[in-house]
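Here are a few exercises to work through with the model open beside you. Try each task before reading its solution.

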Amino acid sequence: MSSSSSSSPNKKPVQSTTRKSQTSAAIAANDASVESMAAMSAPSNLHGFELIKEEFVPEYNAKGFLFKHKKTGAEVMSLSNDDENKSFGVTFRTPPSNSTGIPHILEHSVLCGSRKYPIKEPFVELIKGSLNTFLNAMTYPDRTCYPVASCNLADFYNLVDVYLDAVFHPKCIENERTFEQEGWHYELNNKDEDLTYKGVVFNEMKGVYSSPDSVLARECQQALFPENTYGVDSGGSPEVIPELTFAEFKDFHGKFYHPSNARLWFYGDDDVENRLKLLSGFLDEFDAKDVDSSIASQPFFKEPKRVVKSYASGEDEEAQKCFVQINWLLNDKPFDQETALAVGFLDNLLLGSSASPLRLALEESGLGEAIVGFGLEDELRQPSFAIGMKGVEEADIPKVEKLIYDTMEKIATEGFTDDAIEASINSIEFSLRENNTGRFPRGLSMMLRSLSAWLYEGDPFEPLRYEEPLKHLKSRISSSEDVFRPLMRRLFLENTHRVTVELKPDQKLGEKEANEEKMKLSAKKASLSPEEIEHVVAETAALKLLQETPDSPEALKCIPALALSDIPKTAKEIPCDIGSIGSTELLTHDLFTNDIIYAEHLLDMKTIPEDLLPLVPLWTRALGRMGTSKRNFIEFDQIINAQTGGISVSPFVSPIRGDPNAISAYMVFRGKATSDKAGIMHDLMTEMLFDSKLDDQKIFKQLVLETRSGMEGRVQGAGHSIAASRLEAQDSVAGWVNEQMGGLDQLEYLRKLAKRVDEDWDSVVADLETIRKCVSSRNNSITNLTGDSKTLDLSLSSAEKFLGSLNQSASASSTSAWKSMNPAVNELLTVPTTVNYVGKAANLYKSGYELNGSSYVINKLLGTTWLWDRVRVSGGAYGGFSDFDSHSGMFTYLSYRDPNLLKTLDNYDGTVEFLRNLHVDEDELTKSIIGTIGEIDSYQLPDAKGYTSLMRHLLKITPEERQERREQILGTTNKSFNDFAGALEAVRAPSAKVSAVCSAEAAEKAKSERPELDFQIKRVI
Ligand SMILES: [Zn+2]
């Protein structure tokens, strides 16, 4: 729902690199006292609930209770452990019966004001002023989920209260304006202009389906489930969304958003009885209701099917490629616990790493550019499996299918090797022990697991237990029972519920769809009487006025807020000891990591010549991929998975504040392992760096095609990041370097490289070897280790051994010879799309601005007020925000899935006057400050803490400076906002630059309307 982190889990991103195992979301026990938790009993006052079940869940070191609200039947899972990152979620089953996107539009709309919080967008007020560690809403094919998390108890209960009021008493069911804004409406600014559709979800989904990967995912799901609710699009199909009426929308809420259809979740270190008390305050006023929200099963097909569809492609010869994906329905209901675990292993064995046989067979076939398909999908009522390829020549489609079946047949006959099974078991066990959910709160990851059974009348505790079934499965495997081969036969080879989906390019489709929409709209306008047209104009103006009128400060007071006194005055420090290990600088972070060592070794990369920089990402992907001088690729991959939690290599390049010429640039070798395996992990890193083969032409070509295909997908799906990178490349050398390695320049380089690999392979190998030589020196190296003191002690000698293998001689000086930047121009980058991504930027330091912590507060406020209101709410874009990079000084405005282009630029320019005339009252100011502190103090798992501390060291951010910034944040005043208007003049000035990703048509139009901007149009796809 929020612009930057929306998740629409029915649109799973295609995973083409590392895949997480299905069980990785589970949570491993930590060392805290098990007995004290086990002794915990149910509260004495149950506040109208009855206790259905209680259980200690050792895997999560949590005591769990399943309660039922007596009056309504609402079910509550309440888990207690010592995790300070408390989480809550309310989930309703919301099966749609058509593709108008009702559940998705409702998901957006209920967060736009409620009985107790009757303001425009309580959700946005919470983003502004809370310490949340997670705040979002998600629409699935069959459910809508509202999760929150926070480490601060008062803040946590505020979030829960706002969310519960939002779902049970939203204003959107009385006020049609919200439906128009979030769903769809006719827009007509004057009687002479063309009628258009506007709406946040309407535009969000247009953006989604501008990406062929999303079209493929939708077609596959619908083809696999033609007869149940998964056969329609819960997110909404843009051509169908305008069929939705307000009455249907209202009915949908009345039917499904009721306690009798709710599953509520609490997790963390807060009091169990308080949770029930809080819930009864909302639930007691309802009576039980019979809600039919059950999800029907899709009956099994008697024979396999085939579906052929098309997508809107670009004009290039290169762009005329097909997708093919085979999809299987695996069961008529969720798997039982042990089968679920076995199928999770099977999925990991087939596709879990690049050396897994099914993935390897496809990637090395040369039949396509990259893998598509999610493998196992086990979150819905019926599990399914999908695999295929994109970038396939039409004539090769049957070959891809045959390869998939042949590979599966071979595996079903021969089985997996013991080494493959051992590697798979270790990688799954490692992820369970590590329980690393990244930025996603552990409690919510656990909730999603639990729901996979709970939502379908199963036992919510069942998916949380894995130790016993894992032990049982392992003993079956070690007793040499044939676990996987019969599964392969039953699930895939003998399964007739299988759909093959082909997606073919159509150069005319985009235009055809746009024309159909135009004709529909002009027919609509022609059918309106002059009075009716006046009415639409008046309605458009009324909606705009409403959207652009902020809530009064009095109204905003309803949102519960923390006080500044709740905020710690001093910045929290991450433990960091700085020393040395031989000639290498050593940073260590003494943190509890459950016996896992996290290691980063940073090798100087400023020694790499400029012209080889675009080759760096391919070099990192090639390492190990062709095997080493000691073992082949499969053996190398398996030993990494069997012995460690993973090893990766990636470049890091950033400007350093205070010196426009200073750049921090390193090749980062990262690895994690249990402390007893630190030695072998470091040996494998040495092997990877020095012994990796780099001369396999066929594999390298495949890596180039795969990377290129991923980049092309990014231009269409995340154009704002492409635009931002273009702007940075015009401003600084560091920005230019990053553009070479990950922006549009990289894409252009990859296109030429694909040819060069065929024509001049030897020179490519020579360049790859040069890069290896450049980064193999110990000069200027830095090592960063995270773990508790015992883990650190056990790992030091092996880290030293790795460093000892590096080139010790003082080679050529590393003072960077990098000097290039891209010329400053206004650019329009064209791709086949129906939405725009608009960026505009300037460097504030270059025009004299000096960094002050208040800029963080101001930047955050802009993203939730001016830019949110203008670009998203009234402009109809899915997102609009600004970004201030305090290292480089770049201030960048960006929009996301935006129907506008020039109008968005005008809104950006309007920021100056907005800030200059802004009067922020005391409450609003406090909220903005608290929200900003919440962001800079954000919750992190130990590996992330160690890495953050390293980044601060590299970018020369001292504890003193952090404290000074914090004080500046806390001391932000109204005047700070007004003054910042002056700094932002730089982004309004003619010297500021524009970069946008858009359609060719939108580009031509913008160029002719604003000749003074002298837009350079560049076709990308
Ligand atoms: Zn959405």
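**Exercise 1.** In which sense do strand 12 and strand 15 pair, and over how many bridges?

*Solution.* Before we start, note that this is a predicted model in which local features need pLDDT of at least 70, side-chain atom pairs count only at pLDDT 80 or more, and totals for chains, interfaces and linings use all residues. Residues are numbered from 1 along each chain as its sequence is written, and side-chain values use heavy atoms, with hydrogens and water left out.

Step 1: locate the elements. Helices (H or I, at least four residues) and strands (E, at least two) are DSSP runs, numbered from the N terminus. Strand 12 covers residues 322-329, and strand 15 covers residues 498-506.

Step 2: read the pairing, which requires that DSSP finds at least two bridges between two strands. Strand 12 and strand 15 are antiparallel, with six bridges. Gln325 is placed opposite Val501 of strand 15.

**Exercise 2.** Place strand 15 in its sheet by working out the strand order.

*Solution.* Step 1: take the other neighbour of strand 15. Strand 11 (residues 305-312) runs parallel to strand 15, and eight bridges link the two; here Lys305 faces Val499.

Step 2: continue from strand 12. Eight bridges connect strand 12 with strand 14 (residues 384-392) in the antiparallel sense, and Val324 has Met389 as its bridge partner in strand 14.

Step 3: assemble the sheet. The five strands form an open sheet with mixed pairing, in the order 11-15-12-14-13. Strand 11 and strand 13 (370-377) are the edge strands, each pairing on one side only. From one strand to the next, the twist averages 15 degrees.

**Exercise 3.** Describe how helix 12 and helix 16 pack.

*Solution.* Step 1: geometry. Axes are lines fitted to C-alpha atoms, for helices over the stretch in contact, and angles run from 0 to 180 degrees between N-to-C directions. The axes of helix 12 (residues 397-414) and helix 16 (residues 484-493) cross at roughly 150 degrees and come within 7 Å. Helix 12 is therefore roughly antiparallel to helix 16; angles under 35 degrees count as roughly parallel, over 145 as roughly antiparallel, 65 to 115 as roughly perpendicular and the rest as oblique.

Step 2: contacts (heavy atoms within 4.5 Å). Helix 12 contributes residues including Tyr405, Met408 and Ile411, while Met488 and Phe492 are among those from helix 16.

**Exercise 4.** Which strands stand at the edges of the six-stranded sheet?

*Solution.* Step 1: the order of this open, mixed sheet is 24-25-23-26-22-27.

Step 2: strand 24 (879-884) and strand 27 (1016-1019) are at the edges with a single partner strand each, so one side of each has no neighbour in the sheet.

Step 3: look at one edge. Strand 24 and strand 25 (residues 890-896) run antiparallel and are joined by six bridges, with Gly879 opposite Tyr896.

Step 4: add the helix. Helix 37 (residues 1000-1009) packs on the sheet, touching strand 22 (827-830), strand 26 (993-998) and strand 27.

**Exercise 5.** Which parts does the salt bridge between Glu539 and Arg177 tie together?

*Solution.* Step 1: apply the rule, a side-chain nitrogen of Lys or Arg within 4 Å of a carboxyl oxygen of Asp or Glu. The Glu539 and Arg177 side chains form such a bridge, at 3.0 Å from N to O.

Step 2: assign the residues. Glu539 belongs to helix 18 (residues 530-548) and Arg177 to helix 5 (residues 176-182), so the pair ties together parts 362 residues apart in sequence.
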